[in-house]
Every structure is written in C-alpha cells, then in structure tokens.
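Reader: I am new to reading protein structures, and I would like to learn how the labels people use are earned. Could you take me through this one?
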Amino acid sequence: MTSCMFMNGGAWGPGGTVGLDEGEEPFPSLSDFHDYEPNLEFDDTEVVQQAAAAASQDEVGEEEVCGDYAETPVSDGTIEENFEKELGAFQSLALEGVGGLPKDTNGLNGAVGQGAAKRKGSQESEDFGDIAKYGIVEVVGDDTYGRKVIVVSACKLPSNKVLDHERFLRYLLHTLDQYVEEDYSLVYFHHGLNSKNKPPLTWLWHAYKAFDRRYRKNLKALYLVHPTNFIRIVWQVFRPAISVKFGRKMMYVNYLHELKQHLHLEQVCIPKPVQEHDDRLMQRLGSAKPTSSQTNDVGVSTSTFHCPLETKQFGMSLQFIKEHCGKGHPIPPVVRATVSYLSHPDALETEGIFRRSAGTAMVKTIQEKIDLGEEVEFQSPHVAAVILKKFLRELEEPLMTFELFETIVHFCDLPRDDRPSLVKNLILERLPMDNYTVLKYVAQFLSKVMDRSDLNKMTSPNLAVVFGPNLCWSRDQQMSLANIQPINMFFDYVFSHQEEIFLV
C-alpha cells in the first residue's frame with residue numbers, strides 16, 4: 001500500500017517489462033520456481049489502455065517518464081483482487097490526474113494541498129493514538145548503509161469501516177516528517193492486503209500527490225515485499241506519472257531472506273502473518289531456509305564455531321575490543337579514528353553530516369579493513385559518519401545495555417522535574433564504567449557537532465533521532481515506533497546537557 005502511495009510497483013529493475021506481447025502468458029513468472037503463480041483475475045486490457053491514454057495526454061518529456069521498470073511480482077492468490085468496478089470508477093481519474101490533482105471526491109484535497117509547514121503544525125496538535133495502536137508504521141533503526149528504516153505492514157491495516165483514510169494519510173505524513181530530512185529506506189510488507197482493508201484507488205492517488213518531492217528526495221530505497229497482482233495493476237494506471245529516477249529506487253522482494261543484504265533483519269518487526277507467508281513460499285520452492293546450525297540424528301548441534309580475529313571490532317563486545325585491539329583502553333580504535341577525522345572543521349561543517357548515507361561498496365571495504373586491523377582513509381565525512389553509526393549499532397550489546405532499555409523507554413512518563421535525576425542515575429551509577437567512558441567520548445564529540453549546527457544542521461534533537469536507535473535497543477533488537485520517541489527524547493536531553501552529566 002505504501003508502495004502505491006509513492007506510486008511504486010515494487011522492485012522496478014532496469015530491463016523488467018510490463019506490457020505483454022501477443023502469445024505471451026498474461027503474467028509471466030519471475031523464475032522457473034514461480035510456476036504456481038496464478039494469472040490475473042480479470043482482463044487488464046482496459047487498464048493498460050487507460051494508462052497509455054494518460055501518458056499521451058500528459059505533457060511530460062520522454063526522459064522524465066518512467067519506462068517499463070517493473071519486474072513481475074509474485075502473487076500467492078490469497079488476496080481478493082476484483083478491481084473491475086473500482087477501476088471503472090477510476091477511469092476519469094487516471095485520464096485527468098496525471099500532472100495534476102483530480103477532482104476532490106472524498107475531501108482529501110484539503111489535506112493534500114496544504115503547505116508542508118501548515119500541515120506539520122496541524123499534525124503536531126493532532127492525537128493519532130487511535131491509528132498508532134495498530135502498529136501499521138514502525139521505525140526500526142538503520143539499514144546496512146546507515147539509513148533510517150521505516151516499515152509499513154499491510155496486514156496490520158484494520159477494516160475500511162474502521163479506518164479513517166484521511167486521518168491515516170495525515171498520520172503517515174506526521175510520522176515521515178520526523179525522518180525525511182535525512183536519507184531513509186522504506187519497507188512495505190504487502191501480504192495481508194485484502195478487499196476489506198484495501199484503500200480505494202482514489203485515495204492512493206491523493207496520497208501520491210501528498211508525498212511530494214520533500215518526501216521522495218531522501219528516500220533511497222523502497223522495498224516491496226511479497227508483491228501481488230494488485231501492485232501491477234496500480235503500476236499500470238499510474239506509470240505515466242512516475243519519473244525514471246524514482247522508479248529506480250523501487251525493488252521487488254519475493255522472499256524475506258533477500259532483504260538480508262540491505263537490512264539488519266533482526267531489527268525489523270516482521271509481522272507473524274508475513275513470516276508465515278514467507279515460510280509457505282519457501283516450502284513451495286522446496287528449499288529450506290538457511291540456518292546458523294544443524295543437528296545430527298540425536299539432536300546434538302553440529303555447528304562449527306570459529307574464533308573471531310583478534311583485530312575484529314564490528315559486532316564484538318566492548319570488553320573484547322578493549323582486550324584484543326584496544327591495548328587496554330576502553331575507547332575502540334574505530335571510534336577514535338572516526339571521531340578524529342570528523343572533528344576537523346571542514347568535516348564538522350558538512351551539511352547533513354550523520355544524515356546522509358555512503359557508497360555501499362566503500363563502507364563494506366572500510367569495515368573489512370578495520371576488522372583486519374589495517375589502516376583506513378576516509379574518503380568523505382559521510383563515510384566516516386556511517387562507519388561510526390554502524391559500529392555502535394552492531395555492538396554485541398548496546399552502549400546503554402539491555403538492562404537499561406525498559407527504563408529509558410519510559411522516560412517520557414516521568415514528570416519533567418524528575419528526568420534529570422533519572423538520567424544521571426542511569427549514566428553515572430548504573431552504566432558500566434567502559435560504557436560510560438565511550439558514551440562520554442561520543443557525547444563530547446557530538447557537542448562539537450552541535451556547536452556548528454548553523455552550518456551542518458545537526459541540532460541536539462536531530463542527533464538524538466540519528467544516534468538514539470544506535471545506542472539503545474532491546475534484547476530482541478526490534479523496536480516499535482512507540483519506543484522511538486522516548487529514546488529520542490532521552491538522548492536529546494543527554495546531548496544538550498552533557499556538560500552537567502559527564503562530570504568524571
């Protein structure tokens with residue numbers, strides 16, 4: 001559904017095709033393994049013709065219109081996809097909507113057409129508790145490229161009889177407003193969308209118009225997990241309005257394990273129905289999911305364990321690093337190296353530092369060199385910033401420890417006058433000494449970053465949004481949107497009052 005709001009159809013990869021030649025199957029499968037995929041449940045000729053008509057009427061240059069980037073999605077046949085009636089009503093929208101807002105048929109234009117500042121003001125004063133309780137939208141830390149990850153789950157959408165779609169759109173905008181100023185990735189779990197909770201196509205169009213350039217600019221990847229025929233049909237209708245540049249950000253993901261190269265799956269809140277659906281798809285393929293260990297006939301583990309390199313830092317504990325490559329000093333070498341590089345004036349004044357991602361291959365190469373104990377040279381402040389965040393996020397235990405997580409997520413429940421004493425108690429008394437030393441080192445560096453916020457735009461609240469999930473998470477590593485706000489507020493206080501807190 002979120003894919004549709006941004007007008008995605010999943011993983012639009014170059015070379016994918018949407019149109020059908022004479023004699024072809026109506027919906028060719030992605031691979032030989034997808035033979036079970038059903039055909040479309042209706043004739044989509046009319047839809048394709050509508051899309052073509054829209055493209056011919058729209059005065060958009062050929063270089064600006066997204067070509068056939070859609071790879072064929074996988075349909076499990078479980079979603080009720082009888083769209084003929086709705087698409088018929090949508091015909092006029094498809095023909096006149098490209099290039100401008102269609103007529104306001106459901107009162108959404110008011111929400112869509114407002115300026116960002118005005119909309120943000122109204123959202124901040126609006127209570128979205130009735131929508132947030134469903135857990136449709138979650139923020140789950142950073143991906144492997146150092147970008148914030150936002151997850152939307154269709155299976156958590158309530159019935160259309162219950163959900164106010166206009167308020168839901170405002171809730172989505174309100175949630176994304178907190179993260180769109182930095183690079184971010186979006187994951188959409190499509191499984192679970194059905195005729196009872198599927199939003200109308202007119203709403204999808206209004207949602208697409210609401211998510212303007214401010215939201216699309218820093219969206220670096222849009223993963224559409226378990227796509228079905230519904231996505232293909234929506235893509236056919238809206239394809240004339242999609243730019244080539246945005247289309248390349250979209251990716252189909254047919255199986256959950258395909259996300260591993262892009263995300264830390266252990267951080268992602270994968271709904272149980274989605275996980276079960278993926279298990280069924282894997283069973284149909286006749287392959288077992290890779291496991292970290294195997295057992296023999298008597299149930300004894302036969303895994304082979306390897307001792308990590310003594311120079312390894314990523315994914316290790318502070319104690320291991322201190323003993324093996326820190327020469328007895330609690331500050332990990334990678335933290336010293338990144339902070340030293342980023343403390344130079346030119347780096348401190350870089351706009352968007354800590355909010356921009358870096359080249360995947362470069363980050364991977366540098367990480368490998370660090371784990372091998374080799375000297376590294378950072379090519380840019382953004383690379384060093386990503387390495388620092390990545391190291392903190394991949395620690396064996398968060399810097400604030402698992403034990404303190406529950407206390408921190410209830411930070412907002414305390415009266416304001418009681419919060420300073422709680423923060424000092426957690427950091428000065430309950431945090432292990434090595435953890436305290438590293439946190440103090442990082443906080444004092446971030447104070448320098450904040451001193452240049454007029455140039456780099458990194459204020460204390462902004463740094464809290466970036467670093468909060470990298471310093472504090474639960475033992476199961478999954479974080480709900482409800483926990484994000486108190487964690488951000490906790491670290492906002494820590495960063496803005498670091499001189500009062502870190503006395504020793």
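Author: Gladly! Let us start with a term: a cavity is a set of points where a 1.4 Å probe fits but cannot get out, and its lining residues have an atom within 4 Å of a point. Please keep in mind that this is a predicted model.

Reader: How many cavities of 30 Å³ or more are there, and what volume does the largest cavity have?
Author: The count comes to 2 cavities of 30 Å³ or more. The largest cavity has a volume of about 60 Å³.

Reader: Which residues line the largest cavity?
Author: The lining consists of D142, D143, T144, G146, H264, V386, K389, K390, R393, E394 and N470. Helix α18 (residues 381-393) supplies the largest share, 4 residues. By kind, the lining divides into 6 charged, 4 polar and 1 nonpolar.

Reader: How do you know where the largest cavity lies with respect to domain 1 (128-280) and domain 2 (318-502)?
Author: We look at who contributes to the lining. Domain 1 (128-280) and domain 2 (318-502) both give residues to it, so the largest cavity lies between them.

Reader: What makes a pocket something other than a cavity?
Author: A pocket is an open set of points, whereas in a cavity the probe cannot get out. The largest pocket here has a volume of about 1,000 Å³. It is lined by 36 residues, and H174, Q178, Q485, N488 and M489 are the closest to its centre.

Reader: Which element gives the most to the lining of the largest pocket?
Author: That is α24, with 8 residues. Other elements that give two or more residues include α6 (116-124), β1 (137-142) and α23 (460-471). The lining holds 14 nonpolar, 10 polar and 12 charged residues.

Reader: Why is the largest pocket said to lie between domain 1 (128-280) and domain 2 (318-502)?
Author: The reasoning is the one we used for the cavity: both domains give residues to the lining of the largest pocket, so it lies between them.

Reader: Why is D177 called buried?
Author: Buried means under 20% relative accessible area. D177 has 10% relative accessibility, so it counts as buried. This residue is in helix α8 (residues 165-177). In sequence D177 and Y215 are 38 residues apart, while their C-alpha atoms are 8.0 Å apart in space.

Reader: R170 has 17% relative accessibility, so why is it buried or exposed?
Author: Set 17% against the cut-off: it is under 20%, so R170 counts as buried. R170 is also placed in helix α8. R170 and E126 are 44 residues apart in sequence and 9.2 Å apart from C-alpha to C-alpha.

Reader: What makes helix α9 (residues 201-210) mostly covered?
Author: Of its 10 residues, 8 are buried. Among them are W203, W205 and Y208.

Reader: What is notable about the phi value of H226?
Author: Phi of H226 is near 55 degrees, which is a positive value in a residue other than glycine. H226 lies in the loop between β4 (219-225) and α11 (229-238). With 3% relative accessibility, under the 20% cut-off, H226 counts as buried.

Reader: Where is T401, and what is its phi?
Author: T401 is in the loop between α18 and α19 (405-408). Its phi is near 65 degrees, again a positive value in a residue other than glycine. At 7% relative accessibility, T401 counts as buried.

Reader: What makes a group of residues a nonpolar core?
Author: The members are buried residues of certain nonpolar kinds, joined through side-chain atoms within 4.5 Å. The largest nonpolar core has 65 residues, of which F354, M400, F467 and F495 touch the most other members. Helix α21 (residues 433-451) gives the most to this core, with 9 residues. Apart from it lies another core, of 47 residues, including V137, L186, L193 and Y252.

Reader: What is F495 in contact with, leaving aside its neighbours within four places in sequence?
Author: The list is A443, L446, M450, S460, L463, A464, F467 and L471.

Reader: How much of the chain counts as buried?
Author: Of its 504 residues, 53% count as buried. The chain has 25 helices and 5 strands.

Note on methods: Residues are numbered from 1 along each chain as its sequence is written. This is a predicted model: local features need pLDDT of at least 70, side-chain atom pairs count only at pLDDT 80 or more; totals for chains, interfaces and linings use all residues. Side-chain values use heavy atoms; hydrogens and water are left out. On a 1 Å grid over the protein atoms alone, a cavity is a set of points where a 1.4 Å probe fits but cannot get out, and a pocket is an open set with protein on both sides within 12 Å along at least five of seven lines; lining residues have an atom within 4 Å of a point. Grid points are joined across faces, edges and corners, and a volume is the space filled by probe spheres set on the points. Ala, Val, Leu, Ile, Met, Phe, Trp, Tyr, Cys and Pro count as nonpolar, Asp, Glu, Lys and Arg as charged, and the others, Gly among them, as polar. Domain bounds come from an automatic or database domain assignment. Buried means under 20% relative accessible area, exposed over 50%, partly exposed in between (1.4 Å probe, protein chains only). Contact means heavy atoms within 4.5 Å.
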